[in-house]
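Trainee: I would like to work through this model one step at a time. Can we begin?
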Amino acid sequence: MNIIIIDGLSFALPLFIMAIGGIYCEKSGVTMLAVEGLQGFGAFTGAFAAVLVSGSFAGNSPVPFYIAMAFSVIGGGAFALIHALLCLKFKANQVISGVVVNILAMALTAYLTKLFNRIFFGAASDKFVLTVSSRITVPFLSEIPVLGAVFTNLYPFEIVIVLVAFLSWFVMYKTRFGMHLRACGDNPHAVDAAGRNVGKIRLAAIIISGALSGLGGICFAYSISANFSSNIYVGYGYLAIAALIFGNWKILPTLAACLLFGFARSGGYRLVQVLQMPSSFQDLVMILPYVLTLLLLIFFSKQNGAPRALGVIYDKGAR
């Protein structure tokens, strides 16, 4: 049971922070299907920064890890500007823009990874090898039956994600900026009439979405494979989008959806181990979160209430 909780959290929390990024963007009225590409490009930026500076620190130093997290936020936010440019400046179809960003990220990071390895490290490799992240166990709290697993063998990024998620919730629901952002997704003309710039608010929301997606991407790179490669594009971004839809574009219900996906994945792996099934069944278990996503969307999607102006290109002259 403890293993299911520990592994489930390490998968669910990066998914959750990516989903929060999607919530920010879609609450502002801009459709965000580019989470997959943004998390990949953010992970690429962070991994490259970590590998570049790793020689300056001891092998067990956590500094490259935190540098990677910082640069993943910067990289994801910067790459999100492409989506902002297409949707806000050129008023392109937001769904197509998201797909374009995803395809561009996959192709660009694959090419740049090989190029940078050859230029900076003299190696013919298609991946950046990262150090294994250390884990933290909280004294006393980890000894609580069942719930103690939540405080056992934590990745440092799990603590960071919890703090960032709380800050994101506070900004969304307790600040004037969050109120304006949510209003942009429901009635952008009212926001404009109140003297606020809808375009700037949506631009900020897209950048925040990219930054949080990049953070989730580097966390996956450290926790799942300890390297960055094209294998990071396996649909985690789309899973985050499904989670926010199932969570009805609200942060706390979205957390519940992400935990459900995470525990389904870790529970499946544990089941394979307990039943001593062949290793090929582990690949089959990887589809469990996606099957669960389909079932949840089939039964619950009709009850969801998306922001009323989601996907609608804002025209200041139209009423």
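Trainee: Which helix is the place of lysine 27?

Mentor: Keep in mind that this is a predicted model. The helix in question covers residues 2-27. Lysine 27 therefore has its place in helix α1.

Trainee: Lysine 27 is buried. Which side chain of opposite charge is nearest, and how far away?

Mentor: Lysine 27 has no salt bridge. A salt bridge needs nitrogen and carboxyl oxygen within 4 Å. The nearest side chain of opposite charge is aspartate 186, at 5.8 Å.

Trainee: Which residue does meet aspartate 186 in a salt bridge?

Mentor: The structure holds one salt bridge. Its N to O distance is 3.9 Å. It links distant parts of the chain, 122 residues apart: helix α6 (residues 176-186) and the segment after α12 (288-300). Aspartate 186 pairs with arginine 308.

Trainee: Is arginine 308 buried or exposed?

Mentor: Its partner, aspartate 186, is partly exposed, with a relative accessible area of 35%. The cut-off for exposed is over 50%. Arginine 308 has 66% relative accessibility, so arginine 308 counts as exposed.

Trainee: Back to α1. Are α1 and α5 roughly parallel or roughly antiparallel?

Mentor: The axes of α1 and helix α5 (residues 156-174) come within 10 Å and cross at roughly 25°. Angles under 35 degrees count as roughly parallel. So α1 and α5 are roughly parallel.

Trainee: Which residue of α5 is in contact with lysine 27?

Mentor: Lys27 is among the α1 residues that make the contact with α5. The α5 side includes Val171 and Met172. Beyond four places in sequence, the contacts of lysine 27 include Leu181, Trp249, Pro307 and, from α5, Met172.

Conventions: Residues are numbered from 1 along each chain as its sequence is written. This is a predicted model: local features need pLDDT of at least 70, side-chain atom pairs count only at pLDDT 80 or more; totals for chains, interfaces and linings use all residues. Side-chain values use heavy atoms; hydrogens and water are left out. Helices (H or I, at least four residues) and strands (E, at least two) are DSSP runs, numbered from the N terminus. Buried means under 20% relative accessible area, exposed over 50%, partly exposed in between (1.4 Å probe, protein chains only). Lys and Arg count as positive and Asp and Glu as negative; His and the chain ends are not counted. Contact means heavy atoms within 4.5 Å. Axes are lines fitted to C-alpha atoms, for helices over the stretch in contact, and angles run from 0 to 180 degrees between N-to-C directions. Angles under 35 degrees count as roughly parallel, over 145 as roughly antiparallel, 65 to 115 as roughly perpendicular and the rest as oblique.
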